[in-house]
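Please look over the structure below. The report that follows covers overall form, cores, strands and charged pairs.

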Amino acid sequence: MKTNIFFCGYSYHTNGYHSQHKSGYPAYLFRLQTEGLSEVVVKGRKVEIKKGDLLIIEPGDHYELLVKEGQNCGDYHLGCEGSWIDTWWRSSDIDNISKIEIDDKLLTLWRQIMMEKRRPSSIQNEELTGYLLRALCLYLKRAANETIPSFIYPYSVSRMMRYIEEHATTAFKLEDVARHAGLSVSRSVHLFKCHVGKTIIEYAHEIRLSVAIERMKYTTMTLEQIAEDCGFGSYPYFHRVFHKKYGVAPGVYRRLDME
């Protein structure tokens, strides 16, 4: 399903700005506020937009953007259309304005689309740009859903899970996870166990073991190297965790898998 990206960029306003489309915006507009404040009018409703607010405008929507004199305002924006976007939007259950967490992965996707659109039209890869846009949309959907009460986990628990998934192969501490969620260690430990059904360390071990098995199968790394590289710190600890989970030593598992 084809998609067209009309523009993709970043803007920073310091001296005021006003844009309006009273007769209806001509395409889908994605706008993520990353700094400062602005005001938007969407479908006749005036809303103050702050850092972390994601705005999605549908084709034909009445839309106005106002940045007041003296205000700073930074945002990423993207205009597009296409049958895939139509289908995605109808099934996304995202509000026109959602609060999301801004992280480097999300902004990297946005910047990658920006760089592709800056290439001369003769060498632009529309297929690649289309897939990057789809990845951005799916990422935005997950980010928006994780901030609403109906999501399977509370927002603070989702934040902890994302932090563990990103840092599982490093030697993080419980204090690091709790700080990322804005909670005390005791509160974060209790919430995580209550909603996920396992401890923070158990969740990290699942991810570490999954990565370790991949490297045992597809690399020639030694078990000691894998233990260190996957966040276990030492082979004896890796051996103990692995044996408890799978009932055999890592070396035995590796040999059986190769037979």
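## Overall form

Of the chain's 259 residues, 44% count as buried. The model is a predicted one. Its secondary structure comes to 10 helices and 9 strands.

The chain has a radius of gyration of 23 Å, whereas a compact globule of 259 residues would have one near 18 Å. The C-alpha trace spans about 70 × 50 × 35 Å along its principal axes. Among contacts with a separation of 6 or more, 70% come from residues 24 or more positions apart. The exposed surface is about 14000 Å², and carbon and sulfur atoms supply 51% of it.

## Two nonpolar cores

In soluble globular proteins, nonpolar side chains tend to be buried together. Here the largest nonpolar core holds 30 residues. Phe 30, Leu 78 and Trp 110 touch the most other members. Strands and helices both feed this core: β1 (3-13), β3 (28-36), β6 (53-57), β8 (73-82), α1 (83-92), α2 (104-118) and α3 (126-145) each give two or more residues. Helix α3 gives the most, with 8 residues.

What does Trp 110 touch, leaving aside residues up to four places away in sequence? Its contacts include the glycine Gly 9 and the leucines Leu 32, Leu 78, Leu 136 and Leu 140. Cys 8, Phe 30, Tyr 76 and His 77 complete the list. Apart from this core lies another, of 17 residues. Ile 164, Ala 168, Phe 192 and Ala 204 are among its members.

## Strand β8 and its partners

In β8, 9 of the 10 residues are buried, so the strand is largely enclosed by the rest of the structure. It pairs with β1 in the antiparallel sense, over 10 bridges. In that pairing, Ile 5 has Cys 80 of β8 as its bridge partner.

Strand β3 also runs antiparallel to β8, and 8 bridges join the two. Here Leu 32 is the bridge partner of Tyr 76 in β8. Leu 32 and Tyr 76 both also touch Trp 110.

## Strand β4 and its hairpin

Is strand β4 (residues 38-42) enclosed or exposed? It is largely enclosed by the rest of the structure, because 5 of its 5 residues are buried. Both faces are covered. Ser 38, Val 40 and Val 42 are buried on one side, and Glu 39 and Val 41 on the other.

Two strands pair with β4. Strand β5 (residues 45-49) runs antiparallel to it and is joined by 5 bridges. Strand β7 (residues 63-67) is also antiparallel to β4, with 4 bridges between them. Val 42 takes part in both pairings: it stands opposite Arg 45 in β5, and its bridge partner in β7 is Tyr 63.

β4 and β5 form a hairpin with 2 residues between them. In the turn, Lys 43 has a positive phi of about 55 degrees.

## Charged pairs

Side chains of opposite charge can pair when their charged atoms come close. The structure holds 13 salt bridges.

One of them joins Glu 39 and Lys 46, at 3.3 Å from N to O. Glu 39 counts as buried, because its relative accessibility is 16%. Lys 46, at 58%, counts as exposed. Another salt bridge joins Glu 58 to Lys 43, with the closest N and O atoms 3.5 Å apart. Glu 58 lies in the loop between β6 and β7, and Lys 43 in the loop between β4 and β5, so this pair ties together parts 15 residues apart in sequence. Glu 58 is partly exposed at 23% relative accessibility. Lys 43 is partly exposed too, with a relative accessible area of 48%.

The side chains of Lys 105 and Glu 166 also meet in a salt bridge, at 2.9 Å from N to O. Lys 105 lies in helix α2 and Glu 166 in helix α4 (residues 155-167), so the pair ties together parts 61 residues apart in sequence. Lys 105 counts as partly exposed at 42% relative accessibility, and Glu 166 counts as partly exposed at 49%. Salt bridges that share partners also join Glu 39, Lys 46 and Lys 68 into one network.

Terms used:
Residues are numbered from 1 along each chain as its sequence is written. This is a predicted model: local features need pLDDT of at least 70, side-chain atom pairs count only at pLDDT 80 or more; totals for chains, interfaces and linings use all residues. Side-chain values use heavy atoms; hydrogens and water are left out. A nonpolar core is a set of buried Ala, Val, Leu, Ile, Met, Phe, Trp, Tyr and Cys residues joined through side-chain atoms within 4.5 Å. Buried means under 20% relative accessible area, exposed over 50%, partly exposed in between (1.4 Å probe, protein chains only). Contact means heavy atoms within 4.5 Å. Two strands pair if DSSP finds at least two bridges between them. A salt bridge is a side-chain nitrogen of Lys or Arg within 4 Å of a carboxyl oxygen of Asp or Glu. The radius of gyration is taken over C-alpha atoms; the globule rule is 2.2 Å times the number of residues to the power 0.38. Accessible areas come from the Shrake-Rupley method with a 1.4 Å probe; for residues, only the protein chains shown count as cover.
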